[in-house]
Amino acid sequence: QVQLVESGGGLVQAGGSLTLSCAASGSIFSIAAMGWYRQAPGKQRELVARINRAGDANYADSVKGRFTISRFTAKNTVYLQMNSLKPEDTAVYYCNADIADYGLDSSLYWGQGTQVTVSS
């Protein structure tokens, strides 16, 4: 069984910074891409950033230049460094990962979400 556990959310003033972490554990053979999504109240879940095993990353236009995604492959962990936060960044942030187990079956897993609130 695979679990993704997020941490690092909280309340911050506009212009501030937060770093989110997400650690995958369980029967993991390999992890391809890992990413962060967010869902604000009344809105659909949207991609924030995603990074593949080679370290290539892509970002939503709304966070380019402010957010940085990185991963520590040996520890099955992905990070999201968020700078210059804006009130519109307020959302529940979810981690996901494309994980192959020891049977080499791949599935997409999601974390439970962590709340990020940016006050104006």
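The charged end of Arg-45 sits over the ring of Trp-110, at 4.7 Å from the centre of that ring. This is a place to begin reading the model, which is a predicted one, because the tryptophan named here leads on to several other parts of the chain. The charged end of Arg-45 also sits over the ring of Tyr-94, and here the distance to the ring centre is 3.7 Å.

How exposed is Trp-110 itself? Its relative accessible area is 34%, and because values between 20% and 50% count as partly exposed, Trp-110 is placed in that class. Besides lying under the charged end of Arg-45, Trp-110 forms an aromatic pair with Tyr-37, in which the two ring centres are 5.1 Å apart and the planes stand at 65° to one another, an arrangement called edge-to-face. Tyr-37 belongs to strand S4 and Trp-110 to strand S10, so this pair ties together parts of the chain that are 73 residues apart in sequence. Tyr-37 has a relative accessible area of 18%, and since anything under 20% counts as buried, Tyr-37 is described as buried.

The count of aromatic pairs comes to two. Phe-29 and Tyr-102 also form such a pair, again edge-to-face, with 6.1 Å from centre to centre and 75° between the planes. Where along the chain do Phe-29 and Tyr-102 lie? Phe-29 is found in the loop between strand S3 (18–26) and strand S4 (30–39), while Tyr-102 is found in the loop between strand S9 (91–100) and strand S10 (106–110), so that this pair links parts of the chain that are 73 residues apart. Tyr-102 is exposed, with a relative accessible area of 60%.

From the rings we can turn to the strands, and it helps to recall that strands of a sheet pair through backbone hydrogen bonds, either parallel or antiparallel. Strand S4, which holds Tyr-37, pairs in the antiparallel sense with strand S5 (residues 46–51) over five bridges, and within this pairing Met-34 has Ile-51 in S5 as its bridge partner. S4 and S5 form a hairpin with six residues between them, and in the turn Gly-42 has a positive phi of about 75°. Strand S5 in turn pairs with strand S6 (residues 57–59), antiparallel as well, over three bridges, and here the bridge partner of Ala-49 is Tyr-59 in S6. S5 and S6 likewise form a hairpin, this one with five residues between the strands, and Gly-55 in its turn has a positive phi of about 95°.

Another group of strands makes an open sheet: four strands in the order S1-S3-S8-S7, with antiparallel pairing. Strand S1 (2–7) and strand S7 (67–72) are the edge strands, each pairing on one side only, and the twist from one strand to the next averages 15°. Within this sheet, S3 is joined to strand S8 (residues 77–82) by six bridges, the two running antiparallel, and Thr-19 has Gln-81 in S8 as its bridge partner.

Strand S3 also contains Ala-24. Is this residue buried or exposed? Ala-24 is buried, with a relative accessible area of 8%. Leaving aside residues up to four places away in sequence, Ala-24 touches Gln-3, Leu-4, Ile-31, Asn-76 and Ile-99. By contrast, Gln-13 is eleven residues from Ala-24 in sequence, yet the two lie 29 Å apart in space from C-alpha to C-alpha.

Notes: Residues numbered from 1 in each chain as written. Predicted model: local features only at pLDDT ≥ 70, side-chain atom pairs only at ≥ 80, totals over all residues. Heavy atoms only, no water. Phe/Tyr/Trp six-rings, centres within 6.5 Å; stacked < 30°, edge-to-face > 60°. Buried < 20%, exposed > 50% of the residue type's maximum accessible area, 1.4 Å probe, protein only. Lys NZ or Arg CZ within 6 Å of the ring centre and 35° of its normal. Pairing = 2+ DSSP bridges. Axes fitted to C-alpha atoms, helices over the stretch in contact; angles between N-to-C directions. Contact = heavy atoms within 4.5 Å.
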